[in-house]
Amino acid sequence: MPLTAEEVRHIARLARLGVTDAEVARLREQLSTILEHFEVLNAIDTEGVPPTTQSFDLANIERDDVSRPSATHADVLANAPRTEGSYIRVRRVLE
Amino acid sequence: MNGVADFRARELLDLTAHEQAAALRAGEVTARGLAEASIARVRAQEPVLNAYITLMDDEALAMADAADERLRAGNAAPLAGIPIGVKDLLSTRGVKTTAASNMLRDFTPIVDCTVVTKLREAGAVFIGKTNLDEFAMGSSTEHSKFGVTHNPWDLDRVPGGSSGGSAATVAAGGVPLSLGTDTGGSIRQPAACCGIVGLKPTYGRVSRFGVIAFASSLEQVGPFARDAEDAALLLSAIAGLDPLDSTTAPVPVPDYAAMLGRGLDGLRVGVPREFFVDGMEPGVREAVERAIDVFAANGAIIDRDVSLPSVAAALPVYYIIAPSEASANLARYDGVKYGYHADADTMWEEMELTRGQGFGDEVKRRIMLGTYALSTGYYDAYYLKAQKVRTVIRREFAAAFASHDLLLTPTAPTVAFRLGEKVGDPVAMYLNDLCTIPANISGNPAVSIPCGFSEGMPVGLQLVGGMFEEGTLFRAADAYGAVAGWKAQRPPIYGERGR
């Protein structure tokens, strides 16, 4: 079932991805085609099969909680697009 | 440096890393001489190949000088002084790391990724950061903010992807070794397209710390080389447990070099029929069939009655799991802490504009696909279903390896396609990874090695091994390579010629 333009805009909103009208039209067509290819999965019986989250089964690895040096202030701010003093400057979050 | 030494350095550049390592120890060449020769050749080829995003001449020469000191002191590691290309998805402290994206075009990491740290400690010489599909999403290196990379065998064709720059520069003789990453075939398919060796390690064999994340449960860093011995040398240097990556496996790294020179005799090789698909190029099929004959003639036990019935589902499973993980991993690019930033009136507008302008088409497509698959109402139908089918596929691989040492398949159904041929048709592009994706889904190690030509372009043979059995892959690749001799074939642009 093809996606509607509304659905494409909704997904883009969830992903916080700015899309143009032309992109919505193109994504609608391309994503619909790709989703059709996913239907073959329904033919595979997965009754009682557990999901795989990663291929090499490892339990959680823990380490001792020991303090160690971390990145410097200057390093952390080095790539920030907008800074002020020792802060990253952002837009107002609450209107 | 005098003319004779200069000539010898260029000559050595045509050899493998292990031959260069021997020459460095014999005093035939210095690491600096080798680095200068590599830089000169890479720079001469860049106008036609575009294999690199950033060249690191100054760092390279400093690293070479340090390697020379250690070589003189006699305490140098095997890779000391060897020129290496590094995919621009791997963080390098103080050197721009872009992921070929507008989002990170000016990003300079504050740490090295673990594999880069290990190679620095080994005394390797980084020549530059190689081109790729944006965030490693693609099979042609056409989705790069920094332009396409060309295939050294035919400049009108793609080098494969996503690690196309790393493959092209090794094939063209710029460096003997390079690093790539493989999430769905991004090392093996470009290795096949460019006629070299490329290996995806077992999931958990190599640290992913500091590698710009795309699909965390699927990707691994691995080597490109001109022969199996060199690939083994590079994997030995980067493999192993890393306290900074809790998904690395507590499995000792074996002595891969000890697996070389053992021949093919007695190896149980399965040829799973599902990988020989209908749309396969006849010349690719013939080359793979001839390789199977070589394996059989040299004592391998070939079993053609092997089936992995669910492997056809690996492609849709991949295109659910990888974009889902990508949509989560790429959520960090918000234009606040680092990366591209677009100005707008409100926080949400800024974020949407930043991401809309920072990401290219293929990356947006995958973020959208993954966000959809994870969204309310679709999670069970897509993501959970894909993870369950992933278990089914893993079980089929495990069953096959209970009675076989290797599985043998083509690496890709066709040779390198023409630039622009598939870039407008995502599904056609995705189908190119049909044969490589299953090993990412299952986690098994797999290598692509050259096995002949079709349409004048190299064909890749894929060998898949049991979990953590990279040694068996090196053994088979080394033995086949020695008999078949494809390593001697060089693309027309090789060295300084062909411009």
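## The core of chain B

A nonpolar core here is a set of buried Ala, Val, Leu, Ile, Met, Phe, Trp, Tyr and Cys residues joined through side-chain atoms within 4.5 Å. This is a predicted model, and the largest such core takes in 177 residues. Phe135(B), Phe295(B) and Leu463(B) are the ones that touch the most other members. As background, nonpolar side chains in soluble globular proteins tend to be buried together.

Take Leu463(B) and skip its neighbours within four places in sequence: what does Leu463(B) contact? Phe295(B) is on the list, and so is a run made of Leu406(B), Leu407(B) and Leu408(B). Pro445(B), Ala446(B), Val447(B) and Ile449(B) touch Leu463(B) too, and Leu473(B), Ala476(B) and Ala477(B) round things off.

## Chain B overall

Chain B is built from 16 helices and eleven strands. Its radius of gyration is 21 Å, close to the 23 Å that the globule rule gives for 499 residues, so chain B is as compact as a globular protein of that length. Lined up on the principal axes, its C-alpha atoms fill a box of roughly 70 × 60 × 45 Å.

Some 66% of the 499 residues in chain B count as buried. If you look at contacts between residues at least 6 apart in sequence, 76% of them join residues at least 24 apart. The chain exposes about 15,600 Å², with carbon and sulfur atoms supplying 53% of that area. As for charge, there are 46 positive and 59 negative side chains in chain B, and the centres of the two sets lie 2 Å apart.

## Helix 5 and Leu119(B)

Helix 5 of chain B covers residues 114-121, and its buried residues are Thr114(B), Val115(B), Val116(B) and Leu119(B). Which elements do the buried residues of helix 5 pack against? There are strands 2 (83-87), 3 (125-130), 4 (177-182) and 6 (220-225), plus helix 8 (228-238), in chain B. Just after helix 5 comes Gly123(B), with a positive phi of about 85°.

Leu119(B), which sits in helix 5, is worth a look of its own. Its relative accessible area is 0%, so Leu119(B) is buried. Leaving aside neighbours within four places in sequence, Leu119(B) is in contact with Leu79(B), Ile84(B), Ala124(B), Phe126(B) and Leu179(B), and also with Leu234(B), Ala237(B) and Ile238(B). Gly74(B) is 45 residues from Leu119(B) along the chain, and the two C-alpha atoms are separated by 18 Å.

## Helix 6 and the cis peptide

Is helix 6 of chain B enclosed or exposed? Eight of the eight residues of this helix (residues 164-171) are buried, so helix 6 is largely enclosed by the rest of the structure. The buried set starts with Gly164(B), Gly165(B) and Ser166(B), carries on through Ala167(B), Ala168(B) and Thr169(B), and ends with Val170(B) and Ala171(B). Following helix 6 is Gly173(B), where phi is positive, near 85°.

The loop between strand 3 and helix 6 is home to Ser162(B). A cis peptide bond joins Gly161(B) to Ser162(B), with omega at about 15°.

## Two positive phi values outside glycine

Glu455(B) isn't a glycine, yet its phi is positive, near 55°. The residue lies in the loop between strand 10 (446-454) and strand 11 (457-465) of chain B. With 52% relative accessibility, Glu455(B) counts as exposed, because the cut-off for that is over 50%.

Phe468(B) is another non-glycine residue with a positive phi, near 65°. You'll find Phe468(B) in the loop between strand 11 and helix 16 (470-484) of chain B. Buried or exposed? Phe468(B) is buried, with a relative accessible area of 12%.

## Chain A

Chain A has three helices and two strands, and from the N terminus on they run α-α-α-β-β. What is the radius of gyration of chain A? The value is 23 Å, whereas a compact globule of 95 residues would have one near 12 Å. Along the principal axes, the C-alpha trace of chain A spans about 55 × 45 × 25 Å.

Buried residues make up 28% of the 95 in chain A. The chain exposes about 7,100 Å², and carbon and sulfur atoms supply 50% of this. Chain A carries 11 positive and 16 negative charges, and the mean positions of the two sets are 14 Å apart.

Notes: Residues numbered from 1 in each chain as written. Chains lettered and ligands numbered in written order. Predicted model: local features only at pLDDT ≥ 70, side-chain atom pairs only at ≥ 80, totals over all residues. Heavy atoms only, no water. Helix = DSSP H or I, 4+ residues; strand = E, 2+ residues; numbered from the N terminus. Rg over C-alpha atoms; globule rule 2.2 N^0.38 Å. Buried < 20%, exposed > 50% of the residue type's maximum accessible area, 1.4 Å probe, protein only. Contact = heavy atoms within 4.5 Å. Areas by Shrake-Rupley, 256 points an atom, 1.4 Å probe, with all protein chains shown as cover. Lys, Arg positive; Asp, Glu negative; His and termini not counted. Charge placed at Lys NZ, Arg CZ, Asp CG, Glu CD.
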